[in-house]
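Please open the model in your viewer and keep the sequence panel visible. The tour below proceeds from the whole chain to single residues, with a selection at each stop.

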Amino acid sequence: VGLFNSINNGTLVAKKAFDITGLFDPDIFVYFVDSYLYFNLFLHNIKTEIIDYKNQCDFSIQTKDSKKIKKRIQLMKTDGYVFYRKIYQKLGHPKRWRIHYHMFFLKKSIECARVSGFLHFFSYLSSRKIK
């Protein structure tokens, strides 16, 4: 038992689990959908199992085009804003979410700048979420 990264690809969820946790959150469009699902499963003490499975998808940043990367970060920031705010609210720490949110995007901006060049780091870091 430990921490793991969640990916919707290959996830099977029993209907009973959704009856307990509710369906996917419509406020989260693409990014963090899987993380929010697993967070809710954890909150409701619903056990998950990891099977021996090799994921054939590559979810890393596959382009050096800074405009495409920035658009992706903006989408992540939009969904991340909702995700972090909601999980910290559920955990009873409604003000702490901002720290985790900003730390995640600092790390993501560094990761993206490694791919496209560090000249783009501040552009990624300062990009705004999509409204």
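A residue is called buried when its relative accessible area is under 20%, exposed when that area is over 50%, and partly exposed in between. The model is a predicted one. By this criterion, 31% of the 131 residues of the protein are buried.

**Stop 1: the whole chain**

Begin with a cartoon view of the entire protein. Five helices and zero strands appear, in the order α-α-α-α-α along the sequence. Switch to a surface view: the protein exposes about 9700 Å², and 58% of this area comes from carbon and sulfur atoms. Among contacts with a separation of 6 or more, 69% join residues that lie 24 or more positions apart.

**Stop 2: helix 4**

Select residues 97-116, which form helix 4. At 1.5 Å a residue, these 20 residues should span 28 Å, and the end C-alpha atoms are indeed 28 Å apart, so the two values agree. Next, display the side chains of Trp-97, Tyr-101, Phe-105, Lys-108, Ser-109, Cys-112, Ala-113 and Ser-116, which are buried in helix 4. They lie on the same side of helix 4, because they cover an arc of only 135 degrees around the axis. An α-helix has 3.6 residues a turn, so residues three or four places apart point the same way.

Turn to the other side of helix 4, where Ile-99, Met-103, Lys-107 and Arg-114 are exposed. Against which elements do the buried residues of helix 4 pack? Their partners are helix 3 (66-90) and helix 5 (121-126). Before leaving, select Gly-117, which follows helix 4 and has a positive phi, near 115 degrees.

**Stop 3: Ile-110**

Stay in helix 4 and select Ile-110. Ile-110 has a relative accessible area of 28%, so this residue is partly exposed. Leaving aside neighbours within four places in sequence, Ile-110 is in contact with Phe-118 and Phe-121. The C-alpha atoms of Ile-110 and Phe-121 are separated by 6.4 Å, although the two residues are eleven residues apart along the chain.

**Stop 4: the nonpolar cores**

Now select Ile-28, Tyr-36, Ile-73, Phe-83, Tyr-84, Ile-87 and Tyr-124. Within the largest nonpolar core, which has 20 residues, these touch the most other members. Helix 2 (33-43), helix 3, helix 4 and helix 5 each contribute at least two residues to this core. Which helix gives the most to this core? The answer is helix 3, with eight residues. In soluble globular proteins, nonpolar side chains tend to be buried together.

Centre the view on Phe-83. Apart from neighbours within four places in sequence, Phe-83 is in contact with Ile-28, Phe-32, Ser-35 and Tyr-36. A second, separate core has five residues, including Ala-17, Phe-18, Tyr-38 and Leu-41.

**Stop 5: aromatic pairs**

Show the aromatic rings as sticks. Counting rings whose centres lie within 6.5 Å, the total is 15 aromatic pairs. The rings of Tyr-36 and Phe-83 have centres 6.3 Å apart and planes at 80 degrees, so this pair is edge-to-face. The pair links distant parts of the chain, with Tyr-36 in helix 2 and Phe-83 in helix 3, 47 residues apart. Both Tyr-36 and Phe-83 are buried.

Move to Tyr-81 and Tyr-101, another edge-to-face pair, with 6.1 Å centre to centre and 85 degrees between the planes. Tyr-81 belongs to helix 3 and Tyr-101 to helix 4, so the pair ties together parts that are 20 residues apart in sequence. Are these two rings buried or partly exposed? Tyr-81 is partly exposed, with a relative accessible area of 26%, whereas Tyr-101 counts as buried at 8% relative accessibility.

To see a wider group, select Phe-32, Tyr-36, Phe-39, Tyr-81, Phe-83, Tyr-84, Trp-97, Tyr-101, Phe-104 and Phe-105, which ring pairs link into a cluster.

**Stop 6: Lys-86**

Finish in helix 3 by selecting Lys-86. Is Lys-86 buried or exposed? Its relative accessibility is 16%, so Lys-86 counts as buried. Display the surrounding side chains: not counting residues up to four places away in sequence, Lys-86 touches Asp-25, Asp-27 and Tyr-36. Tyr-36 is also one half of the edge-to-face pair with Phe-83 visited at the previous stop.

Key: Residues numbered from 1 in each chain as written. Predicted model: local features only at pLDDT ≥ 70, side-chain atom pairs only at ≥ 80, totals over all residues. Heavy atoms only, no water. Helix = DSSP H or I, 4+ residues; strand = E, 2+ residues; numbered from the N terminus. Buried < 20%, exposed > 50% of the residue type's maximum accessible area, 1.4 Å probe, protein only. Contact = heavy atoms within 4.5 Å. Areas by Shrake-Rupley, 256 points an atom, 1.4 Å probe, with all protein chains shown as cover. Expected span 1.5 Å × (residues − 1). Arc of directions from axis to C-beta. Core = buried A, V, L, I, M, F, W, Y, C linked by side-chain atoms within 4.5 Å. Phe/Tyr/Trp six-rings, centres within 6.5 Å; stacked < 30°, edge-to-face > 60°.
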